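Reader: Hi! I have a protein model open and would like some help finding my way around. Could we walk through it together?

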Amino acid sequence: MPFIGKLAPGDILAKRYYIERVIGQGGMSRVYLGADLKLPGKLWAIKESISPRGEQQQMAKEAELLISLNHHRLPRIVDFVGCDQDGYFYIVMDCIEGVHLDRYVKELGDSLDTEDLLHFALQITEGLHYLHTHDPAIIHRDLKPSNLLVDHKGEIRFIDFGIARMYSANKPEDTVLLGTVGFAAPEQYGGRQTDGRTDLYSLGAVILYLGTRLHFSVWSTEAEVSFRNQGHAALVPIVRRLLQTDPLARFASAEETSAALRDLMLQKSAPSHSRVRHPSDNKTRRGRATVIAVMGVGAGVGTTHTAIALAHVLSHSFRKVVIAEMEAKSTAFQRLARIVEGTRASAGAPGCTFRIDRVQYVRTPSRSDMIDLLTGKYEIIICDLGTGRSKELQEEFKRADISIAVGAAAEWKIEELERFKATTIADERLSASLKYCVPLASTSILRRLGKTLRTRSIFTVPAEPVPFDPSEETTTALHAVVSDILPSPVRSVRSFRTWQRPKERK
């Protein structure tokens, strides 16, 4: 039976959220796209559900806990509209752009390989580990492909927490039995309390479903044959253990599961750091922005100068290029805005935008501004992270399609690069996309740094007095840094002109 909702397009919830349309429907809930009347232009996903009798206070308590969560795999939950007389309640959360995991895999067709499955599984276990180790522990209880989204970066995002619950060690069984047939663990059908191992069963079902081209989610001889025939025999022991009927026979935790997945990844002949492929990787990048993050390993190494030069170089190969200054304390874009925009009051303010030649500049964009950039029509988004002092900036660096660490060539500054390498090498997400750029470095210094850092992805850039109109030498150098995203052939003839300071407005 489909869920019967109360809201309709045009309704206003809690005197704040204007309901635009239904964007999701299931047997237990309905999801609406809602416009925030207090924040013009801001859209939210609003999930409507019904609370079982006597559970209203518990639902409000759990919603309060969910609002406190903060992890890049999880949606940001910003509001809870409590139960009405009929038990209806509403959870307001980020509206995340992306493709449901099952549809994503369907679009990949026959090209889904074991490395892709491993990366998907590792990203899911990362989110589960955060939930399960939270105090109190949170059990998802409805993990399935339609509750997992692949965003524009190929990253997994959890999008549904309608029936998540807190774990209580002294509770013999769940009061409410919920989940999705085919992905729910046996204990969800009654008699036992769900815990972290319940979500691990669902993880196994998700992997099996994806690995059998969306045919099987329950372990059987037929399912195993199909899974092996698709080339995933190496994953069989892990999936079989995850799908054990007895929770005690499964992996004990998401962390233990992740360790098994990583061990398998290391055993594969392909590099363990290969990224999950996007369905359009072999076609075109149009419609999917490529995010490039530039971070300095120390102060004064030329991070912003390099980022600006790269933006203007790429503006000759891509039509829509934007550069965002992400570090709030930085004043470089503020000074540029005042030069370009004159003495207007808004020039240089957070969120202000201005244009130099073909490149759009954005100063310290808000979260919603950044979402607009990511979901807009830009082909290239360059994030100038400064020295990346905050956790948020470091996370942006890790999640970018290409991550560029800028260091200094001076002898006394080389230690900064070594320290940076030591703190990032353990992060698997960075190993494929990380590149080093050392402006003004000689060939001998690059060779020595390459050996020290154990990488071939190390480059230099010549002296460039005007980054807004890079020289042919600078263009060639920066093309080498981002060669894997350049269209072929790259435009070889460029129009040169000197960027001049605009006259200040009176």
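Reader: Let's start with Phe 158. Which residues does Phe 158 touch, leaving out those up to four places away in sequence?
Author: Happy to help, and keep in mind that this is a predicted model. Phe 158 touches Arg 73, Leu 74, Pro 75, Ile 96, Ile 124, Gly 127, Leu 128 and Leu 131, and also His 140, Leu 143, Asn 147 and Leu 148.

Reader: And what is the largest nonpolar core like, how many residues has it?
Author: That core has 57 residues. Phe 158 is among those with the most contacts inside it, together with Leu 101, Phe 120, Ile 124, Ile 207 and Leu 235.

Reader: Which helix gives the largest share of this core?
Author: Helix H4, residues 196-211, supplies that share with 9 residues. There is also a second, separate core of 38 residues, including Val 294, Ala 307, Ile 308 and Phe 354.

Reader: Switching to charges: how many salt bridges are there?
Author: The count comes to 16. As background, side chains of opposite charge can pair when their charged atoms come close.

Reader: Nice. What does Arg 76 pair with, then?
Author: Arg 76 forms a salt bridge with Asp 94, and their closest N and O atoms are 3.3 Å apart. This pair links distant parts of the chain, 18 residues apart. Arg 76 sits in the loop between helix H1 (56-67) and strand E5 (77-81), while Asp 94 belongs to strand E6 (residues 88-94).

Reader: Is Asp 94 buried or exposed?
Author: Asp 94 is buried, because its relative accessible area is 6% and the cut-off for buried is under 20%. Arg 76 is partly exposed, at 30%.

Reader: What about Lys 144, which side chain does it meet in a salt bridge?
Author: Lys 144 meets Asp 142, at 3.7 Å from N to O. Lys 144 counts as buried at 16% relative accessibility, and Asp 142 counts as buried too, at 13%.

Reader: Where does the pair of Glu 256 and Arg 241 sit in the chain?
Author: Glu 256 is in helix H7 (residues 254-267) and Arg 241 is in helix H6 (residues 236-242), 15 residues apart. Their side chains form a salt bridge of 3.1 Å, N to O. Glu 256 is partly exposed at 31% relative accessibility, and so is Arg 241 at 32%.

Reader: Which residues do salt bridges with shared partners join into one network?
Author: Lys 6, Asp 84 and Asp 86 are joined that way.

Reader: New topic: what is the mean pLDDT of the protein?
Author: The mean is 81, with 83% of the residues reaching 70 or more. Among the elements, H6 has the highest mean pLDDT, 97, and strand E11 (residues 165-166) has the lowest, 50.

Reader: Where does the pLDDT drop below 50?
Author: One such stretch is residues 166-177, which has 32 contacts in the model beyond near neighbours in sequence. Over residues 269-287 the pLDDT also stays under 50, and the model has 41 contacts there beyond four places in sequence. Where pLDDT is low, the predicted coordinates should not be read in detail.

Reader: Last one: where does UniProt place the feature "binding site"?
Author: The UniProt record, an unreviewed entry, places that feature at Lys 47. Lys 47 lies in strand E4, residues 43-50, and counts as buried at 7% relative accessibility.

Definitions and conventions: Residues numbered from 1 in each chain as written. Predicted model: local features only at pLDDT ≥ 70, side-chain atom pairs only at ≥ 80, totals over all residues. Heavy atoms only, no water. Core = buried A, V, L, I, M, F, W, Y, C linked by side-chain atoms within 4.5 Å. Buried < 20%, exposed > 50% of the residue type's maximum accessible area, 1.4 Å probe, protein only. Helix = DSSP H or I, 4+ residues; strand = E, 2+ residues; numbered from the N terminus. Contact = heavy atoms within 4.5 Å. Salt bridge = Lys/Arg side-chain N within 4 Å of Asp/Glu carboxyl O. pLDDT = per-residue confidence, 0-100. UniProt positions renumbered as here; feature names shortened; annotations may be inferred.
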